[in-house]
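Hi everyone, thanks for coming. I have one structure to walk you through today, so let's put it up on the screen.

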Amino acid sequence: MKNRLTSALLATSLLLTLTLAACGAPASENSAAPTVSPAQSGQTSETDKPTPAETVGTSENAPSETPTASRSNILVVWFSRVGVTPFADGVDASSSASINVRDGELVGNMQYLAEFVAEETGGDLFQIITEKEYPVTYRDTTDLAKEEQSNNERPDLSSHAENMDQYGVIFLGFPNWWGTLPQAVKGFLEEYDFTGKTIVPFCSHEGSGLGRGPQDIAALCPGAELLDGLAVRGSAVSGAQADVQEWLNGLNLGS
């Protein structure tokens, strides 16, 4: 009887020991662990990383199509009435100089040329935008431009190029206002250090070509190299892509 009791106690003790050991045992290396997504774990996967913004400039009014996060060494800058003038919807382009209608949207002469340059060079686009608006009528705009020039004004800018250091070649597009750059373009050139960079001007005009533009650029950016520019009559910009190609080929930027 005593032996049977002893055996029963030993068996019970052994069973209890095995049960406790099983409860405290670590999971096997081959055990299936629950899957945790990167978001749950606090990590960021490649596909969850936020994509870079697609603008070179920072401004509430900056054009959304302006790309950023680019590895291009070329920046194509332009200033145009379209973007700084409150044109009414459905405005007739023929009634106001320097604007065009393309696929139902207003496009400035300089935007046309800037897009041609960017297409041929792979450069990033950036539009100079002023805080103030310019008059809808062309004559009133030229009168205001003359006043700004006489007073040597620098209109405040609401668009600013980020990462200017990454660009070695700056194509600078402007309408010829009173024989030279608009004052807003001069303000843009004074905002950055162009030492060691290459500036290539292009403009729209109605008879005076680049005017004093190259000389004024050289004076404002004495440390930059200035290449030969291109001047296109305002009435011809929409069909000027071949002229832009020929001009760019002559610059030998890739050599």
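Before we look at a particular lysine, one definition: a salt bridge here is a side-chain nitrogen of Lys or Arg within 4 Å of a carboxyl oxygen of Asp or Glu. And please keep in mind that this is a predicted model.

Let me start with the overall picture. The protein has 255 residues, and 41% of them count as buried. Its secondary structure amounts to seven helices and eight strands. If you take the contacts with a separation of 6 or more, 77% are between residues 24 or more positions apart. The accessible surface is about 14,500 Å², with 50% of that belonging to carbon and sulfur atoms.

Now to the lysine. Lysine 186 sits in helix H5, which covers residues 183-191. Which side chain of opposite charge is nearest to lysine 186? That is aspartate 216, 4.0 Å away, yet lysine 186 is buried and has no salt bridge. What lysine 186 does have is a polar contact of 3.1 Å with the side chain of glutamine 183. Leaving aside residues up to four places away in sequence, lysine 186 touches Arg154, Thr180, Leu181, Asp216 and Leu220.

Let's finish with the aromatics. Searching the whole structure gives 10 aromatic pairs. In one of them, the ring centres of tyrosine 192 and phenylalanine 194 are 6.2 Å apart and the planes are at 80 degrees, so this pair is edge-to-face. Tyrosine 192 counts as buried because its relative accessibility is 16%, and phenylalanine 194 does too, at 3%. Together with Phe126 and Phe188, Tyr192 and Phe194 form one aromatic cluster.

Thanks, I'm happy to take questions!

Note on methods:
Residues are numbered from 1 along each chain as its sequence is written. This is a predicted model: local features need pLDDT of at least 70, side-chain atom pairs count only at pLDDT 80 or more; totals for chains, interfaces and linings use all residues. Side-chain values use heavy atoms; hydrogens and water are left out. Helices (H or I, at least four residues) and strands (E, at least two) are DSSP runs, numbered from the N terminus. Buried means under 20% relative accessible area, exposed over 50%, partly exposed in between (1.4 Å probe, protein chains only). Lys and Arg count as positive and Asp and Glu as negative; His and the chain ends are not counted. A polar contact is a pair of N or O atoms within 3.5 Å; within protein, one must be able to donate a hydrogen and the other to accept it, and residues adjacent in sequence count only if both atoms are side-chain atoms. Contact means heavy atoms within 4.5 Å. Accessible areas come from the Shrake-Rupley method with a 1.4 Å probe; for residues, only the protein chains shown count as cover. Rings of Phe, Tyr and Trp (its six-membered ring) pair if their centres lie within 6.5 Å; planes under 30 degrees apart count as stacked, over 60 as edge-to-face and the rest as tilted.
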